[in-house]
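Got your viewer open? Let's walk through this model together, one selection at a time.

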Amino acid sequence: SSDASAADARMRWLVTAETALDDSDTGAGARVTAFFTAADSLAGNPGSALGRQAMLSALDDATSAIRTSSDALTRVSAGIASEAQTTVDSLNANLQTLASVNLALRRLGTDSTSRASLSDQRDQLIDSIAAQIGVTATLDDSGVATLTLTGSSALLLDNASPAHLSL
């Protein structure tokens, strides 16, 4: 179902983001803590050249770890955007194809041998769309599908007029 698919995608990207944040001993949190520890130590002995060097080194490590996390989160963000765009493109293609099937169904008579094949194609397209987003499908007497977004009155497909989805 679309809810399960969305939950899987959300979990996958949350795990990827959590990994990017790197909460290990070499991650940004540990490095920033080491910097504050070095700064506290230097505050106790401000004239210490070794203390200043330790604080500057800890600051360099912290900025490097933050930069690494930032770069990783940028990649996660790009991955999410790419996956979302791919899903939207797939939905638009399926809606367009379903609109074409609707046109063909409307033109065919009820006794046509092609009707069964087109009805199967229509059903497969509806299932594919429903796996990606929540939709409610209604069929008229000629087998033409109308799709609305579940929980709303927003039409995704009305006869042969598909909505165009975008991010």
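**Starting at a small turn**

Begin with the hairpin that β3 and β4 form, which has two residues between its strands. Select Asn 159 in the turn: its phi is positive, about 60 degrees. Keep in mind as you go that this is a predicted model.

Now show the strands on either side of that turn, β3 (residues 155-158) and β4 (residues 161-162). They run antiparallel and are joined by two bridges. For a cross-strand pair to highlight, pick Leu 157, which stands opposite Pro 162 in β4.

**Widening out to the sheet**

Next, add β2, residues 145-149. β2 is antiparallel to β3, and three bridges join the two. Click on Thr 148 and look across to its bridge partner in β3, Leu 155. This hairpin has five residues between the strands, and Gly 151 takes a positive phi near 80 degrees.

Which order do the strands take in the sheet? Colour them one by one and you will read β1-β2-β3-β4, four strands in an open sheet with antiparallel pairing. The edges are β1 (135-139) and β4, each of which pairs on one side only.

**The helices lying on the sheet**

Turn on helix α3, residues 49-107. Helix α3 lies across β2, β3 and β4, at about 30 degrees to β3. Then add helix α4, residues 114-132, which lies across β1 and β2 and runs at about 160 degrees to β1.

**Into the core**

With sheet and helices displayed, show side chains for Leu 95, Leu 98, Ile 129, Leu 147 and Leu 157. Within the largest nonpolar core, which has 16 residues, these touch the most other members. At least two residues of this core come from each of α3, α4, β2 and β3. The largest share is that of α3, with six residues.

Zoom in on Ile 129. What is it in contact with, leaving aside neighbours within four places in sequence? You should find Leu 91, Asn 94, Leu 95, Leu 98, Val 135 and Leu 147.

Apart from this core lies another, of five residues; select Trp 13, Ala 20, Ala 72 and Val 76, which are among them.

**Along α3 to its other helix partners**

Trp 13 and Ala 20 also belong to the contact that α1 makes with α3, so α1 is a natural next selection. Show helix α1, residues 2-21: α1 and α3 pack at an angle of about 165 degrees, with their axes 8 Å apart. That angle makes α1 roughly antiparallel to α3. Their crossing is right-handed. On the α1 side, the contact includes Arg 12, Trp 13, Ala 17 and Ala 20, while α3 offers residues including Ala 72, Leu 73, Val 76 and Ile 80.

Last, select helix α2, residues 28-44. Its axis is 8 Å from that of α3, and the two pack at about 160 degrees, which means that α2 and α3 are roughly antiparallel. Here the crossing is left-handed. Among the α2 residues to display are Val 32, Phe 35, Ala 38 and Leu 42, and those they meet in α3 include Met 55, Ala 58, Leu 59 and Ile 66.

Terms used:
Residues numbered from 1 in each chain as written. Predicted model: local features only at pLDDT ≥ 70, side-chain atom pairs only at ≥ 80, totals over all residues. Heavy atoms only, no water. Pairing = 2+ DSSP bridges. Contact = heavy atoms within 4.5 Å. Axes fitted to C-alpha atoms, helices over the stretch in contact; angles between N-to-C directions. Core = buried A, V, L, I, M, F, W, Y, C linked by side-chain atoms within 4.5 Å. Buried < 20%, exposed > 50% of the residue type's maximum accessible area, 1.4 Å probe, protein only. Parallel < 35°, antiparallel > 145°, perpendicular 65-115°, else oblique. Left-handed = near helix turned anticlockwise from the far one by under 90°.
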